[in-house]
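Student: I should like to work through the strand pairing and the charged side chains of this model. Could the structure be displayed before we begin?

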Amino acid sequence: MTPNPPRRPDPDDREETVMGVPIPAEDDGPRRAAGASSSAGEPGLLPAEAYRPTDRPPTALLTVYDDGAADGEVVRLRAAVVRIGRTAGDVLIPHDDRVASPHVTIRREKTADGWRWTVADAGGTDGLFVRVNRAPLSAGSEFVVGRGRYRFAAGPPPTLTEVVGGVAGVSVRVTGAEAWIGTAPGCEVRRADPFAEPYHARVYHAPGRGWAVEHDGALNGVWLRVPQVTVDKVCYFLIGEQRFRLQPGA
């Protein structure tokens, strides 16, 4: 009589362990219906949040926009200081001659309320611009509309001067309480620009508040030159011809 050969162990029968410690089988504990929350049927209890680190600094996301696109390369900023430049820095834009080396510095700092990010001009001659819906203007303020870059002078009378390659170009006097920039014949500052709306931006005087620039939903917005900006939620900024989006970590 031939004895029955020993049964080969089934891989599914082996006890699972982590570093030698057995992992309880699924049947070892109570089960909930699929999709049911751990707080189901218990009012006042909140479900768990998705895990995130709480001791180390959070990670900010920098989007380097692709040309003419609404998205681009996403760079995760884990260092406390990140520099952007043409030939020197942590994020390089080597094909834009208007970008300096370095051009801007992104800095993460600890505050009493958590973490704060700032974007600062590192001395590039072409400057740092941030996207705005509305912004006050003072003597020497510069802003970008479409492909045009303009410098405001308070006057009297106030003037808008186009800046080309860092050099002052044509100036237009603002003789009324407002002036429009765009491609329409009715604009006080008119230029053929494929990236400008017919009525793209309005420069206006508000009694008691001074001069300001604004746009109302223009596709390419208005960009104001600043030495530095503190980023609370999301910031869009421009150096040379490269646009970025900075989203702070939560």
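Student: In what order do the five strands of the open sheet lie?
Tutor: The model is a predicted one. In it, five strands form an open sheet with mixed pairing. Read across the sheet, the order is E6-E5-E7-E8-E20.

Student: Which are the edge strands?
Tutor: An edge strand here pairs on one side only. That applies to the two ends of the order E6-E5-E7-E8-E20. The edge strands are therefore E6 (91-92) and E20 (228-231).

Student: In which sense do E8 and E20 pair, parallel or antiparallel?
Tutor: Strand E8 covers residues 114-121, and four bridges link E8 to E20. Ala 120 stands opposite Gln 228, a residue of E20. The sense of the pairing is antiparallel.

Student: Is Asp 66, a member of the patch of negative charge, buried, partly exposed or exposed?
Tutor: The surface patch gathers Asp 66, Asp 67, Asp 71, Glu 73 and Glu 241. Asp 66 is placed in the loop between strand E3 (60-65) and strand E4 (72-77). Its relative accessibility is 43%, and the partly exposed class lies between 20% and 50%, so Asp 66 counts as partly exposed.

Student: What is the N to O distance in the salt bridge of Glu 109 and Arg 116?
Tutor: Side chains of opposite charge can pair when their charged atoms come close. Glu 109 is partly exposed at 27% relative accessible area, and Arg 116 is likewise partly exposed, at 35%. Their side chains meet with an N to O distance of 2.9 Å.

Student: How many residues apart in sequence are the parts tied together by Asp 126 and Arg 149?
Tutor: The side chains of Asp 126 and Arg 149 meet in a salt bridge of 2.9 Å, N to O, and both residues are buried. Asp 126 lies in the loop between E8 and strand E9 (129-132), while Arg 149 belongs to strand E12 (residues 148-153). The pair therefore ties together parts whose separation in sequence is 23 residues.

Student: Which residue of the salt bridge between Arg 134 and Glu 214 is buried?
Tutor: This salt bridge, 2.8 Å from N to O, ties strand E10 (residues 134-136) to strand E18 (residues 210-214), parts that are 80 residues apart in sequence. Arg 134 has 54% relative accessibility and counts as exposed. At 14%, under the 20% cut-off, the buried residue is Glu 214.

Student: How many salt bridges does the structure hold?
Tutor: Some salt bridges share partners, joining Arg 98, Asp 126, Glu 142, Arg 149, Arg 151 and Arg 225 into one network. For the structure, the number of salt bridges is 12.

Methods: Residues numbered from 1 in each chain as written. Predicted model: local features only at pLDDT ≥ 70, side-chain atom pairs only at ≥ 80, totals over all residues. Heavy atoms only, no water. Patch = residues over 30% accessible without salt bridge, like charges linked within 9 Å, V, L, I, M, F, W, Y side chains within 5 Å. Areas by Shrake-Rupley, 256 points an atom, 1.4 Å probe, with all protein chains shown as cover. Salt bridge = Lys/Arg side-chain N within 4 Å of Asp/Glu carboxyl O. Lys, Arg positive; Asp, Glu negative; His and termini not counted. Charge placed at Lys NZ, Arg CZ, Asp CG, Glu CD. Buried < 20%, exposed > 50% of the residue type's maximum accessible area, 1.4 Å probe, protein only.
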